[in-house]
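Me: I'm trying to get my head around one part of this protein rather than the whole thing. Could you pick a single strand, take a close look at it and then walk me outwards from there?

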Amino acid sequence: MTEQLTRLRDEIDAIDNELLKLLNTRARLAQEIGQKKSGAAYRPERESQIFARLKLLNAGPLRHERITQLFTEIISACRALEEPFTVAYLGPQGTFSEEAVTKRFGSAINTLASSSIDDVFRKVESGTAHYGVVPVENSTEGAVGRTMDLLLQTPLTICGEIELSVHQCLMAQHSELAKIKKIYSHPQSFAQCQKWLNENLPNLHAMDRIDAASNADAARLAASDQNAAAIAGKQAAEVFGLTLCARNIEDNPNNTTRFLIIGTQHIAPSGKDKTSLAMATNNKPGAIHELLAPLAHHRVSMTRLESRPSRANLWDYVFFVDIEGHQEDEHIAKALQTLRSNATFLKILGSYPAA
């Protein structure tokens, strides 16, 4: 048995040695590419193609999610040799937004915690950050209105999207539920955990559930009050030194938040893309059908339709639409040309690789 273990460990050591050589070779090639090309070091369409190819080649036993995680860090480290960049997100440290940043960009980047979604947009617009990551919708609670409103006002474009499985945890200075007299959290997190709270902490009333600016801020507040708890992601417990009282307390086990990457970069087609639009039309019978008809005519698949008050005139609305494909695809370009004629307002928010 000892001889077999020694042999197997020697094989692993040999593989590790080869991996080290190959990783440094990859890093040198990335440096050469960085010296020869112009433009941003971050190429989401290229990275999307890499992950798609690896998914087809992966024969296991490592699951595709693990392979993606490993190569995200490899790409992040190689990218950092070209041009380190900064990503702003809704802070403070320990939020789901920060987790989304790490999932998409890896850890070899500079991150910049921001006090609000508005502040994320400001940091990217001013050039303080190269990109920003903001939440746009949750599978349980729906759209994040502030993000959608700012997309109308900003000159920035959507460069990518991130889908993050959101698992809420109850945390406090201790693990005794009976000692908890109040809970801090973001309003959306409270909404996502209503059933669990009613069943497990029935003595806490609505006034005992206190809204916080973010889940991480809720954890910060709970860390200074032994009678308080917070609902947040487990990373917040690590940041603020709290004990996890309960894990995965969200009512929907498939609870997912979609984040957008915002920046100034035009993203080339990847082969599996999404385009986001904002549009408006006259308030008259059949107007929405007439507005969206070009999508059906050109066989464009619509994956999302959301309305928001335009804030320009009473009862006027802007419609946010996601469609499959890139604005440079021939059938998409034709549909957009007709849409421009039908709509009183049309803004292409961006084309980017689908998550």
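**One strand up close**

Reply: Let's start with one pair of residues: Val87 has Tyr131 as its bridge partner in S3. S3, residues 131-138, is our strand. Before going on, a bit of housekeeping: what you're looking at is a predicted model, where local features need pLDDT of at least 70 and side-chain atom pairs count only at pLDDT 80 or more, while totals for chains, interfaces and linings use all residues. Residues are numbered from 1 along each chain as its sequence is written, and side-chain values use heavy atoms, with hydrogens and water left out. As for the names, helices (H or I, at least four residues) and strands (E, at least two) are DSSP runs, numbered from the N terminus.

Now, what does S3 pair with? Pairing means that DSSP finds at least two bridges between two strands. One partner is S1 (residues 86-90), which is parallel to S3 and is linked to it by three bridges. Another is S11 (residues 256-263), this time antiparallel, with six bridges. Across that pairing, Pro135 sits opposite Phe259 of S11. Then there's S4 (residues 142-143), also antiparallel to S3, with two bridges between them. Here Asn138 faces Gly142 in S4, and a hairpin gets the chain from S3 to S4 through three residues.

How hidden is this strand? Seven of the eight residues in S3 are buried, so the rest of the structure largely encloses it. "Buried" is under 20% relative accessible area, "exposed" is over 50% and "partly exposed" is in between, using a 1.4 Å probe and protein chains only.

Let's move outwards by going back to Val87. Among the residues that touch it is Ile109, from the loop between helix H4 and strand S2 (110-114). Ile109 is buried too, at 13% relative accessible area. Leaving aside residues up to four places away in sequence, Ile109 touches Ser76, Arg79, Phe85, Val87 and Val101, where contact means heavy atoms within 4.5 Å. Take Phe85: along the sequence Ile109 and Phe85 are 24 residues apart, but in space their C-alpha atoms are 5.9 Å apart.

Val101 takes us into H4 (residues 96-105), a helix that is largely enclosed by the rest of the structure, because seven of its 10 residues are buried. They are Phe96, Ser97, Glu98, Ala100, Val101, Arg104 and Phe105. So which residue just after H4 has a positive phi? That's Gly106, at about 80°.

Arg79, meanwhile, leads into helix H3 (residues 64-82), whose axis comes within 10 Å of that of H2 (residues 44-57), crossing at roughly 145°. These axes are lines fitted to C-alpha atoms, for helices over the stretch in contact, and angles between N-to-C directions run from 0 to 180 degrees. H2 puts Glu47, Ile50, Phe51, Leu54 and Lys55 into the contact, while H3 brings His64, Ile67, Thr68, Phe71, Thr72, Ile75 and Arg79. Sorted by class, that's six nonpolar, three polar and three charged residues. In this scheme Ala, Val, Leu, Ile, Met, Phe, Trp, Tyr, Cys and Pro are nonpolar, Asp, Glu, Lys and Arg are charged, and the others, Gly among them, are polar. Notice that Arg79 turns up twice: in the contact of H3 with H2, and among the residues that Ile109 touches.
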